[in-house]
Amino acid sequence: MSTQKIPSSAELLNLPDAGSLLGLTTWQLRGLIAARSLPVVQVGRRFYFRRSTLLRWAERAEGLVRQ
């Protein structure tokens with residue numbers, strides 16, 4: 001029997017919700033998915049994101065921007 005925790009549905013975001021969280025359009029998200037730059041869960045033709053993973057991704061991306 002597995003003890004792995006399954007995320008609640010509230011933690012999973014669809015493309016529009018993920019875009020709202022990150023301030024990106026769905027097409028920008030699709031580009032990041034195609035470039036394999038953004039972690040994603042694919043179910044059939046739909047994409048879902050863990051909120052915590054997106055926030056960590058954004059924090060790491062902040063460190064890559066040079067001013």
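## Starting at Trp57

Let us begin with one residue, Trp57, which sits in helix α3. Is Trp57 buried or exposed? Its relative accessibility is 18%, and because buried means under 20%, Trp57 counts as buried. Please keep in mind that everything described here comes from a predicted model.

What does Trp57 touch? Leaving out residues up to four places away in sequence, its contacts are Leu22, Leu32, Ser37, Leu38 and Pro39. Take Leu38 from that list: 19 residues separate Trp57 and Leu38 in sequence, while their C-alpha atoms are 7.4 Å apart in space.

## The overall plan

Now for the chain as a whole. It has 3 helices and 3 strands, and reading along the sequence gives the pattern β-α-α-β-β-α. The chain contains 67 residues, of which 19% are buried.

How much of the contact pattern joins residues 24 or more positions apart? Among contacts in the chain with a separation of 6 or more, such pairs account for 48%.

## The nonpolar core

Trp57 also belongs to the largest nonpolar core, a set of 11 residues. Its other members are Leu13, Leu15, Ala18, Leu22, Leu29, Ile33, Leu38, Phe47, Phe49 and Leu54. Which elements supply at least two residues each? They are α1 (15–22), α2 (26–34), β3 (46–50) and α3 (51–64). Of these, α1 gives the most, with 3 residues.

Phe49 is a helpful member of the core to look at next. Not counting residues up to four places away in sequence, Phe49 touches Glu11, Leu12, Leu13, Asn14, Leu15 and Ala18. The same list goes on with Ile33, Leu38, Pro39, Val40 and Leu54.

## Helix α1 and its ends

Which residues of α1 are buried? They are Leu15, Ala18, Gly19 and Leu22. These residues lie on the same side of α1, because they cover an arc of only 100° around the axis. A helix turns every 3.6 residues, so positions three or four places apart point the same way. The elements covering the buried residues of α1 include β1 (12–13), α2, β3 and α3.

Both ends of this helix have something to show. At the N-terminal end, Asn14 acts as a cap for α1, with a side-chain oxygen 3.0 Å from the backbone nitrogen of Asp17. Just after α1 comes Gly23, which takes a positive phi of about 75°.

## Tyr48 in strand β3

Strand β3 is home to Tyr48. At 24% relative accessibility, Tyr48 counts as partly exposed. Tyr48 and Leu12 are 36 residues apart in sequence, yet 6.0 Å apart in space, C-alpha to C-alpha.

Where else does Tyr48 make contact? Setting aside neighbours within four places in sequence, its partners are Leu13, Asn14, Val40, Val41 and Val43.

## Rings and two arginines

How many aromatic pairs are there? The count comes to 0. One ring does have a charged residue over its face: Arg30 lies over Trp27, at 5.5 Å from the ring centre.

Another arginine, Arg36, is found in the loop between α2 and β2 (41–43). Although Arg36 is not a glycine, it has a positive phi of about 60°. Is Arg36 buried or exposed? With a relative accessibility of 77%, Arg36 counts as exposed, because exposed means over 50%.

Technical notes
Residues numbered from 1 in each chain as written. Predicted model: local features only at pLDDT ≥ 70, side-chain atom pairs only at ≥ 80, totals over all residues. Heavy atoms only, no water. Core = buried A, V, L, I, M, F, W, Y, C linked by side-chain atoms within 4.5 Å. Buried < 20%, exposed > 50% of the residue type's maximum accessible area, 1.4 Å probe, protein only. Helix = DSSP H or I, 4+ residues; strand = E, 2+ residues; numbered from the N terminus. Contact = heavy atoms within 4.5 Å. Phe/Tyr/Trp six-rings, centres within 6.5 Å; stacked < 30°, edge-to-face > 60°. Lys NZ or Arg CZ within 6 Å of the ring centre and 35° of its normal. Arc of directions from axis to C-beta. Polar contact = N/O pair within 3.5 Å; in protein donor to acceptor, adjacent residues only side chain to side chain.
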